[in-house]
Amino acid sequence: MCSSDLLGVQSAFGIMGEVGAIVMSDRVIRITAQESALVDTSAVVGLQQSLGTLRCQEMVEDAIYQITERLSKLERAEREQDYETASQIAHVLVELTNRIGLPRMSVVATDLADVLRLGDTVAISAISARLIRLGEDSLFTLVRLGGDGV
């Protein structure tokens, strides 16, 4: 992709040439270093480019809903020590977070799946709590960056 194509994608998506700024409607949203580490904007731009803006927005909104639901179920499964359910949820979260550009969350979900397989209850509790906190931060950032649309 040449630089003019990238600028066209960035313009269509609302990303201006300056790194760290996204324009949504009439406002400019500054992206902090911490937020940029939570959301891989290039993955979201790639989705938008391949699916179109409306379909991308629908896909991201659906993924946010699914991730939120899975995090709630994970919290319950961990509390009830239902590690089989927690393992299934962790694997789904890896797939969902990879799909919409949440790499840190995907890594932590993979770590959770690994410790669930090993049966390390102390690590399961710690990593589950970390995944839930990171999930809240990641989804909040994704929604904030998306504004009324991705």
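**Whole chain**

Start with the secondary structure: the protein has 7 helices and 2 strands. The model is predicted. Colour from the N terminus and the elements run α-β-β-α-α-α-α-α-α. Now colour by burial. Of the 150 residues, 43% count as buried. Switch to a contact map next. Take the contacts between residues at least 6 apart in sequence: 64% of them join residues at least 24 apart.

**The core**

Select Ile-67, Leu-71, Leu-93, Ile-100, Leu-112 and Leu-131. These have the most contacts inside the largest nonpolar core, which has 37 residues. Then show the helices that feed this core. α3 (41–51), α4 (53–79), α5 (83–100), α6 (103–118) and α7 (121–146) each supply at least two of its residues. In soluble globular proteins, nonpolar side chains tend to be buried together.

Zoom to Leu-93. Which residues does Leu-93 touch, not counting those up to four places away in sequence? They are Ile-67, Arg-70, Leu-71, Leu-74, Ala-109 and Leu-131. Keep Leu-93 in view, for the next stops return to it.

**α3 against α4**

Two packed helices are described by the angle between their axes and the distance between the axes. Select α3 and α4. Their axes are 7 Å apart and the packing angle is about 130°. That value makes α3 oblique to α4, since it falls short of the over-145 range for roughly antiparallel. The crossing is right-handed.

Show side chains on both helices. From α3 come Val-44, Leu-47, Gln-48 and Leu-51; they meet Thr-53, Arg-55, Cys-56 and Met-59 in α4. By class, this contact holds 5 nonpolar, 2 polar and 1 charged residue.

**α4 against α5**

Hide α3 and bring in α5. The axes of α4 and α5 come within 10 Å and cross at roughly 155°. α4 is therefore roughly antiparallel to α5. Here the crossing is left-handed.

Pick out the contact residues on α4: Met-59, Val-60, Ala-63, Gln-66, Ile-67, Arg-70, Leu-71, Lys-73, Leu-74 and Ala-77. On α5, select Thr-85, Ala-86, Ile-89, Val-92, Leu-93, Leu-96, Thr-97, Arg-99 and Ile-100. Colour them by class: 13 are nonpolar, 3 polar and 3 charged. Leu-93 is among the α5 residues here.

**The α4–α5 loop**

Move to Gln-81, in the loop between α4 and α5. Is Gln-81 buried or exposed? Its relative accessibility is 56%, so Gln-81 counts as exposed. Check the backbone as well. Phi of Gln-81 is near 55°, a positive value in a residue other than glycine. Most residues other than glycine have a negative phi.

**α5 against α6**

Now display α5 with α6. The angle is about 155° and the axes are 8 Å apart. α5 is therefore roughly antiparallel to α6. α5 passes α6 in a left-handed crossing.

Select the α5 side of the contact: Tyr-83, Ala-86, Ser-87, Ala-90, His-91, Leu-93, Val-94, Thr-97 and Asn-98. Add the α6 side: Met-105, Ser-106, Ala-109, Thr-110, Leu-112, Ala-113 and Leu-116. The class split is 10 nonpolar, 6 polar and no charged residues. Leu-93 appears again, in this contact and in the one with α4.

**Thr-97**

Centre on Thr-97, in helix α5. At 1% relative accessibility, Thr-97 counts as buried. Leaving aside neighbours within four places in sequence, which residues is Thr-97 in contact with? Select Ile-67, Leu-102, Met-105 and Ser-106. Thr-97 also figures in the contact of α5 with α4 and in that of α5 with α6.

**Along α7**

Finish on α7. Ala-129 sits in this helix. Ala-129 is partly exposed, with a relative accessible area of 31%. Draw a C-alpha to C-alpha distance from Ala-129 to Leu-71. The pair is 58 residues apart in sequence and 9.9 Å apart in space.

Last stop: Thr-141, also in α7. Thr-141 counts as buried, at 2% relative accessibility. Draw a second C-alpha distance, to Val-39. Thr-141 and Val-39 are 102 residues apart in sequence and 7.3 Å apart in space.

Note on methods: Residues are numbered from 1 along each chain as its sequence is written. This is a predicted model: local features need pLDDT of at least 70, side-chain atom pairs count only at pLDDT 80 or more; totals for chains, interfaces and linings use all residues. Side-chain values use heavy atoms; hydrogens and water are left out. A nonpolar core is a set of buried Ala, Val, Leu, Ile, Met, Phe, Trp, Tyr and Cys residues joined through side-chain atoms within 4.5 Å. Buried means under 20% relative accessible area, exposed over 50%, partly exposed in between (1.4 Å probe, protein chains only). Helices (H or I, at least four residues) and strands (E, at least two) are DSSP runs, numbered from the N terminus. Contact means heavy atoms within 4.5 Å. Axes are lines fitted to C-alpha atoms, for helices over the stretch in contact, and angles run from 0 to 180 degrees between N-to-C directions. Angles under 35 degrees count as roughly parallel, over 145 as roughly antiparallel, 65 to 115 as roughly perpendicular and the rest as oblique. A crossing is left-handed if the near helix is turned anticlockwise from the far one by less than a right angle, and right-handed if clockwise. Ala, Val, Leu, Ile, Met, Phe, Trp, Tyr, Cys and Pro count as nonpolar, Asp, Glu, Lys and Arg as charged, and the others, Gly among them, as polar.
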